[in-house]
Amino acid sequence: MDKRRTEKSDETSAKERPTLKTLAFMTGLGVTTVSRALKDAPEIGAETRRRVQLVAKQIGYRPNRAGVRLRTGRTNVISLVLNTEREIMSFVSDIIYGVSEVLADTPYHLIVTPYSRSQDPLDPIRYLVETGSADGVIISRTQPNDARARYMLEHGIPFATHGRTDMGLVHPYHDFDNHAFAVEAVRRLAGMGRRKLALLTPPVGLTYHGHTVNGFADALSEVGASEIPFSTVSIDHSIEQIRTRTAQLMRRDVRPDGFVSSAAAATLALVAGIEDAGLKLGRDVDIVSKQSSDLLHLFRPELLIVNENFRLAGSELARSVLGWIGGAAPGSLQSLSVPGEVLAYKRSTD
């Protein structure tokens, strides 16, 4: 008896789910016309498209994704592949917001495909390609010779990378100009009289590590400042590790009077280490840091800030993937954000 009731309930639910036939009946139009109106087909009049889409929204119509895949070979899914152990939450939330904002007015849906540090980063890409789970893919933590990008190019799946590769292969990307960021940060510190500078780098092996390190070195030569090596940690290390190594560095006789930091969370640890060593930010040492949300100045107003917009990155990456799916040339779907000015909120007077 219970089984029959369950089956009947499922049948009723399926019958009640709005379909193209439901929309056709309610609007007095043919199924083909309704289908084209939902897709904004130009041969359907603007008023008809508006009426069909309004009714679809009112009755909660959603296309059957299994049916769409059978008819078109597409999933209407874009996958954002993230190492959730490495990415900080502000990055994840802002990237997702930016991607979702662009996909909102399209038939596409976003799924997040996570992987851990114990996995080969290529594993989730293989899964997506072999199962046909997505029409397009977005990846981060891009490497100069990135096996994931090469694999997707070989298998013909549209994708975009957050960061650039250096393989001689053309593909869509969005990147922040970290070379320019490091140059402007060093120039600003040198202009404040800081001559012994240290760099808290991105993780070794990622493309933007090289961009940042090269920009830092180029600017040091330009302004005549010297580098205090600080290579025992990167922004991928834990807050406590960065704090401990910073305190050790700042207790030395020859120590930095200026830092360039590649991430806001790491900057919190830098400041803690400086203060553990009995020194004061804005008096004994200055820091220029990137940030993705307007928060660092609330922690220490003496910090010097360069903003990086991860929401913009998400939006640009989504547009790039959709553009490639739509037939645009991959080389036309590349963008680079130029850093804005170094922002100062308050200087210490102690």
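Reader: Which residue is the bridge partner of H162 in strand 5?
Author: Strand 4 (residues 159–162) and strand 5 (residues 173–176) run parallel and are joined by 2 bridges. Two strands pair if DSSP finds at least two bridges between them; helices (H or I, at least four residues) and strands (E, at least two) are DSSP runs, numbered from the N terminus. In strand 5, H162 has as its bridge partner H174.

Reader: What kind of model is this?
Author: Residues are numbered from 1 along each chain as its sequence is written, and side-chain values use heavy atoms, without hydrogens and water. Local features need pLDDT of at least 70, side-chain atom pairs count only at pLDDT 80 or more, and totals for chains, interfaces and linings use all residues, for this is a predicted model.

Reader: Which strands stand at the edges of the sheet, each with a single partner strand?
Author: An open sheet of 6 strands has the order 2-1-3-4-5-11, with parallel pairing. One side of each edge strand is left without a neighbour in the sheet, because each has a single partner strand; these are strand 2 (109–115) and strand 11 (334–337).

Reader: By what angle are neighbouring strands of this sheet turned against each other on average?
Author: Axes are lines fitted to C-alpha atoms, for helices over the stretch in contact, and angles run from 0 to 180 degrees between N-to-C directions. For neighbouring strands of the parallel sheet, direction is ignored, and the average turn is 15°.

Reader: Which residue stands opposite K196 in strand 7?
Author: A further open sheet has 6 strands in the order 7-6-8-9-10-12, with mixed pairing. Strand 7 (226–227) and strand 12 (343–344) each have a single partner strand, so one side of each lacks a neighbour in the sheet. Strand 6 (residues 196–200) runs parallel to strand 7, and 2 bridges join them. Opposite K196, in strand 7, stands S226.

Reader: What angle does the direction of helix 10 make with that of strand 6?
Author: Helix 10 (residues 207–223) packs on the sheet and touches strand 6, strand 7, strand 8 (258–261) and strand 9 (286–291), where contact means heavy atoms within 4.5 Å. Its direction and that of strand 6 make an angle of about 175°.

Reader: Are helix 11 and helix 12 parallel or oblique to each other?
Author: Helix 11 (residues 239–250) and helix 12 (residues 264–276) have axes 7 Å apart and pack at an angle of about 40°. Angles under 35 degrees count as roughly parallel, over 145 as roughly antiparallel, 65 to 115 as roughly perpendicular and the rest as oblique. The relation of helix 11 to helix 12 is therefore oblique.

Reader: How many nonpolar residues does the contact of helix 11 with helix 12 have?
Author: Helix 11 contributes residues including I239, I242 and M250, while helix 12 contributes residues including A265, L270 and I274. Ala, Val, Leu, Ile, Met, Phe, Trp, Tyr, Cys and Pro count as nonpolar, Asp, Glu, Lys and Arg as charged, and the others, Gly among them, as polar. Beside 2 polar and 2 charged residues, the number of nonpolar residues is 10.

Reader: What distance separates the centres of domain 2 and domain 3?
Author: The chain is divided into domain 1 (20–63), domain 2 (77–176 + 310–337) and domain 3 (178–307), with bounds from an automatic or database domain assignment. Taken over C-alpha atoms, the separation of the centres of domain 2 and domain 3 is 29 Å.
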